[in-house]
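Student: I have a two-chain model open and would like to talk through how the chains meet. Could you take me through it?

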Amino acid sequence: MKNELTLVNLKEGENAEITNICAGWMATKRLADLGLTPKTKIKVLRKTVMQGPIEIEVRGTRLALGRGLASKVLVKLV
Amino acid sequence: MMKKTLNIVLAGQANVGKSVIFNYLTGLHQHIGNWPGKTVGKAEGTLHYKGYTIDVLDLPGIYSLTTYSLEEIISRDFIALQKPDFVVNVLDATHLERNLLFTLQLLELERPMVLCLNMFNLLKEKGIEVDIEELQKTLGIPIVPTIAIQGKGITKVLDEGIELIEKKKTTKPLEYGKEVEEKINQLTKVLTDIDFAYPKRWLAIKLLEKDKIVEKLCAEKNPQILEKARDLCLELEKIHGHDSSIVVADERCHLCSKIIRRVIKVVRPRQISFAEKLDFITSHRIWGYPVMVAILGLMFLVIFNFGNWSSSQLGKIIFGWQAKWESAFGASVWSSLSWSAIQSALALVEIALPYIIPFYFLLFLLEDWGYLARVACLMDSFMHKVGVHGKASICLMLGFGCNVPACLSCRIMETQRERLITGFLATFIPCSAVTVIILGLVGKYVGMAWAFGLYLLVILTVFVLGKLTTTVLPGEPTELIMEMPDYKTPNLKTIIFQTFFRLKEFIFIAGPLVIISGILIRGVYLLGWLSKLANLLSPITVKWLGLPAICGVLLIFGILRKELILVMLASLLGTTKFFEVLTPVQMITLSVVSMFYIPCVATIATLRREFGWQKALTISLVKILFAITLAGLISKLLSTTL
């Protein structure tokens, strides 16, 4: 796929849908347990300075994800 | 025969008010310890209700029952293997969807279960309604709305649970989508004739999720099960294009969303609440930092002012007790040794009351309010440069109060590797006792700017050593995944409870060691070996560090408790006007050594408990070498420039 967007590329306030998660088994499972699976809709609430975590809203809950992990969550804008 | 003793467990995710319910049920009749052989906290308690003796076990707050962390394995094994009479699943009603994900996993374990829909009162504020009857029908288990902090609904939870037992009602797991369900059935059939302690359907689901522990368990019984499971996983992956573990997780998510759509009604559009406005400022990418500095600064200011005041009050009370003791029991060796035991015990009170209690209280206040999660988030990028993620900043903050709770709190880190790194770094944080030295010596006689400089040195040290240890220790860093709780009004009772239990823990760990080593050092003193030891150390203290020989004695006492360094300095030199006997460079050198040279005995004991003797002693040794090298260099550098 070209032009692949990740969570990191999104701007504050943007809505997106997860297309895939390209992390290790553990991290992928962890995210899935928190409700982050393909086709899940998310919204970026806040990005922090200096490569800090990204805060998203997913299934009515707010999660902070480390930047490295967020870069492994592929998304498309909706 | 009806069973009169019940075993129940509380299960739920973090921040749902589970511990509030646990405290309400068991009050002070609780026992907090460790799971056998594991460094995971275990909280148990007992209560009597309607003729039953009920043993309550509070499972660690977790996200899922997949093998992610030790806590999760312990929890699922306890529910599946110990078979508690019923499970109380505590949910945050305002975050129902994510909480239900966990509930579905609990249901898979097929124990009788009561759902406790906590924080029910907050739904109205959010403009949401939950159709409890519909939810009850869908899940097939009793559901009780509760407001834990007001104690509302909690006895109803017990009533429902007891009814489940008396009517022998069972819990059925929910059905997932057709494709997945079909695979589960095929696997369950393979498992039928084999004896397992776990529910068969649960095993089948876990096999589809490629759970390593379950795979191993099944392979031991019959390797063919695994082959079959792999085939089925492949089939699922072919259809969905994702790893089968994701497919299963997705099934749960899907089912959850479906349930949520049926039971949740938004009656009023969301308004921006005060809590959200507060959140906007406190987690702001720029403003968040000054706000954090202000909040934490204020916290430390309050603690040290209160600490100074109350420790001087305590000092006044205790003053003269030693003379009274000696006049009552004479000045014999035994009297002297037993006095040193009492003195050590008193010293624990002197540090616990003025510093540790207010520190814990304020910290738990910030936690209960919801602010600590913001700190972890704000600090994440900085902590990543050190090599650990943002949650470690909470452990390090605890270290400013006392290194003992700081090392204990490392359990919030996910992997053993990160726990060790964080614990190691936490011992470099100047605790309240060390702060007394820094402020009392350098702050008072050399200047506040220098004292501040020493704190910068701490930050630099943590940074450099963190970088170093994360490079040296094998393993990958874990990324931050953390739920951001909503701000809520802190509950005084919860905070007091937590402070109390943490204090108890501190006294149990630190107490015996502080007293024993107090007696030991007094013995060495009575034998007249102290000055010999000081002479023995003089190549280091005098030659390398440029300190008076007497400081060797101080550093030995400092192992007991760091603030003794200042107390002993005054009594050995016979003056509190330190500037008459020490040069500014010597004061700074002494402070640097005191800050870093060895964890106090209580901290060593904690390190041993968390990481074992070998690591505890290694950390101590590394610290001694580091402190002596650094302080010597600083001393030489300052002597030539000042």
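Tutor: Gladly, and one definition has to come before the counts: two residues are in contact if their C-beta atoms, placed from the backbone, lie within 7 Å. Please also keep in mind that this is a predicted model.

Student: OK, so how many residues does the contact take from each chain?

Tutor: The contact takes 32 residues from chain A and 28 residues from chain B.

Student: And on chain B, which elements supply at least two residues each?

Tutor: On the side of chain B that touches chain A, these are helix H3 (96–108), helix H11 (244–263), helix H16 (371–386) and strand E10 (481–483) of chain B, and the largest share, 5 residues, comes from H11(B).

Student: What's the mix of residue classes on that side of chain B?

Tutor: The side of chain B that touches chain A divides into 12 nonpolar, 9 polar and 7 charged residues.

Student: Back to E10(B), what does that strand pair with?

Tutor: E10(B) pairs with strand E5 of chain A, residues 61–65, in the antiparallel sense over 3 bridges, and within this pairing A:Leu63 stands opposite B:Glu483.

Student: New topic: at what angle do H8 and H9 of chain B pack?

Tutor: Helix H8 (residues 200–208) and helix H9 (residues 212–221) of chain B pack at an angle of about 115°, with their axes 8 Å apart, and the crossing of H8(B) and H9(B) is left-handed.

Student: Which residues meet there?

Tutor: From H8(B), B:Leu203, B:Lys206 and B:Leu207 meet B:Val214, B:Glu215 and B:Cys218 of H9(B), and by class this contact has 4 nonpolar, 2 charged and no polar residues.

Terms used. Residues numbered from 1 in each chain as written. Chains lettered and ligands numbered in written order. Predicted model: local features only at pLDDT ≥ 70, side-chain atom pairs only at ≥ 80, totals over all residues. Helix = DSSP H or I, 4+ residues; strand = E, 2+ residues; numbered from the N terminus. Nonpolar A, V, L, I, M, F, W, Y, C, P; charged D, E, K, R; others polar. Pairing = 2+ DSSP bridges. Axes fitted to C-alpha atoms, helices over the stretch in contact; angles between N-to-C directions. Left-handed = near helix turned anticlockwise from the far one by under 90°.
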